[in-house]
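User: I'm new to this structure and would love a close look at one part of it. Could you walk me through the surroundings of the ligand?

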Amino acid sequence: MKEKKEKLTTASGIPYSRNEDSMTVGPRGPVLLQDYVLHEKMAHFNRERIPERVVHAKGTGAFGTFTVAHDITKYTRAKLFNKKGKECPVFIRFSTVGGEKGSADTERDPRGFAMKFYTEEGNWDLVGNNTPVFFIKDPKKFGDFIHTQKRNPKTNLKDATMFWDFFSLNPESMHQVMILFSDRGTPFSYRNMNGYGSHTFSMINARNERVWVKFHVKTKQGIKNFTGPEADEMKGKDPDWAQGDLVTSIEKGDFPKWSFNIQVMTDEQAKKFKWNPFDLTKIWPHSEYPLIEVGEIELNKIPENYFRDVEQAAFAPAHVVDGIGYSYDKMLQGRLLSYPDAHRHRLGPNYELIPVNRPLSGVNNFQRDGYMRVDDNGGDHPNYFPNSFDDIEADPAYKEPLLELESGVADWYDRNENDDDHFTQPGNLFRKVMSEKNRENTINNLISHMKGISGSKRDEIIQRQLGYFYKTDKELADKVAKGLNFKFTPPAG
Ligand code: NDP
């Protein structure tokens, strides 16, 4: 037998002799309880799966670099942006949203575009999507919305009736519905799509002045999409198509790149903006708020181990670094709570100790103990604050400027002024941005999906949804109604 240098051991490091044969009484006899190695192998195998993400379960990721090309220090004091040519390591995870971990990559679905910047002052997570808007604008609706994208509780099937029932009862979804059913709802690959921070965030400069910002990460590979039928075909041919595309291109040295841009709005402009600038169902028109190029992201390394780095990656919009801040966006505020909460459930309270989540810049705090505390747990340093033994202190220089709030009255506000214009922006997208071919594909994609609506509420749901299409664009409503062979009555007014 060939001599091997490394000895096979148990998890407690004990070398052992037999890895393929269980200990039995005689060659055909029953297995002895004392074959601990057998138990250890089976027991660990039984525990290999951690809970899959409730959303964004199917994904892939890569490491790379963000490089600053332009000076934006007049907007932000964030150290990662403070010098042209400066590089910051990044990790990006792409995903679909609604499907399970084994679902097909080419499903019609938004794509997650979650970015982690390992800056010199901690990790900044920009947890984006490939769309600049979202279906809802209040986090209280999120769980309900996602249920409609999952499986029917009785049939365990994806269900077009629940899908359209929800959308047709939530007119603010119209903008994202149009993007989802355009060809951008089925990107050719993760390399051929844009990423958007989607929420409004803020930037704070060295003079402690705040502006509102949106982040746009634009593909340098060019936008490329599947048509609906092509995407459906690929689901059967290669359900892991997008993962394969990313791995193959990076492994052969064809590194995908994106330009990194911001839109900036002052507080005065925000007060006068014709829509609510903190509403996640709205964009800021480029003509009024042009993109300002900041730098470039390149992805150049596939993790050596998928579970270690991709499955255990945990992104949280709450992780912003000094010079970048939150905004009033209700969806963002909901996500500040729910993302770390999801990670604590899925990975445990010490999820930020996992290598892919660990800041390169170091951590100083008084958190101790808890499940899977596998570092030195603060060693013999004090575990309380303040104390007389170490010199760790909170630095007032990191204080944000004061934030003035408009109203002091607490209520469950369901609409702000102008927030009920759900149709102008999707109408602009349909009429002004989409090509003739893209309009035609969008209409066909809508018809083919809405044909799945069934049951006693079918007509009611279709009528309501066509009403939103009508307010977006009359031609859109007419053509979808015709494709569904539905007698549509346009809404009054
Ligand atoms: P612009 O003509 O300046 O920009 C249009 C934008 O739409 C571009 O960013 C383009 O991305 C993107 N786009 C093109 N086709 C689609 C599609 N099928 N689905 C989603 N996005 C698409 O117009 P405005 O800034 O005035 O915006 C007009 C409409 O364009 C908006 O109402 C919105 O629906 C959509 N849009 C606007 C964005 C913004 O931040 N202003 C961002 C994305 C969409 P690219 O340049 O990469 O091709």
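User: To start, which residue has a polar side-chain atom 3.3 Å from a nitrogen atom of the ligand?

Analyst: Happy to help! Please keep in mind that this is a predicted model. The residue you are asking about is Asn-438: a polar atom of its side chain lies 3.3 Å from a nitrogen atom of the ligand. Oxygen atoms of the ligand have polar partners too. One is 2.6 Å from an N or O atom in the side chain of His-175, and the side chain of Lys-218 places a polar atom 2.8 Å from an oxygen atom of the ligand. With the protein around it, 77% of the 790 Å² of accessible area that the ligand has on its own is covered.

Now let's step back to the whole shell. The ligand is surrounded by 17 residues, and the closest are His-175, Arg-184, Asn-194, Lys-218 and His-286. Sorted by class, the shell holds 8 nonpolar, 7 polar and 2 charged residues. Helix H4, strand S7 (residues 210-219) and helix H10 each contribute at least two residues to the shell. The most come from H10, which gives 3.

That makes H10 a good place to look next. This helix spans residues 424-433, and its buried residues are Gln-425, Pro-426, Gly-427, Leu-429 and Phe-430. Those buried residues pack against four helices: H4 (174-181), H11 (436-450), H12 (458-472) and H13 (474-484). So H4 turns up twice in this tour, as a packing partner of H10 and as a supplier of residues to the shell around the ligand.

Terms used. Residues numbered from 1 in each chain as written. Predicted model: local features only at pLDDT ≥ 70, side-chain atom pairs only at ≥ 80, totals over all residues. Heavy atoms only, no water. Buried < 20%, exposed > 50% of the residue type's maximum accessible area, 1.4 Å probe, protein only. Contact = heavy atoms within 4.5 Å. Near = heavy atom within 4 Å. Polar contact = N/O pair within 3.5 Å; in protein donor to acceptor, adjacent residues only side chain to side chain. Areas by Shrake-Rupley, 256 points an atom, 1.4 Å probe, with all protein chains shown as cover. Nonpolar A, V, L, I, M, F, W, Y, C, P; charged D, E, K, R; others polar.
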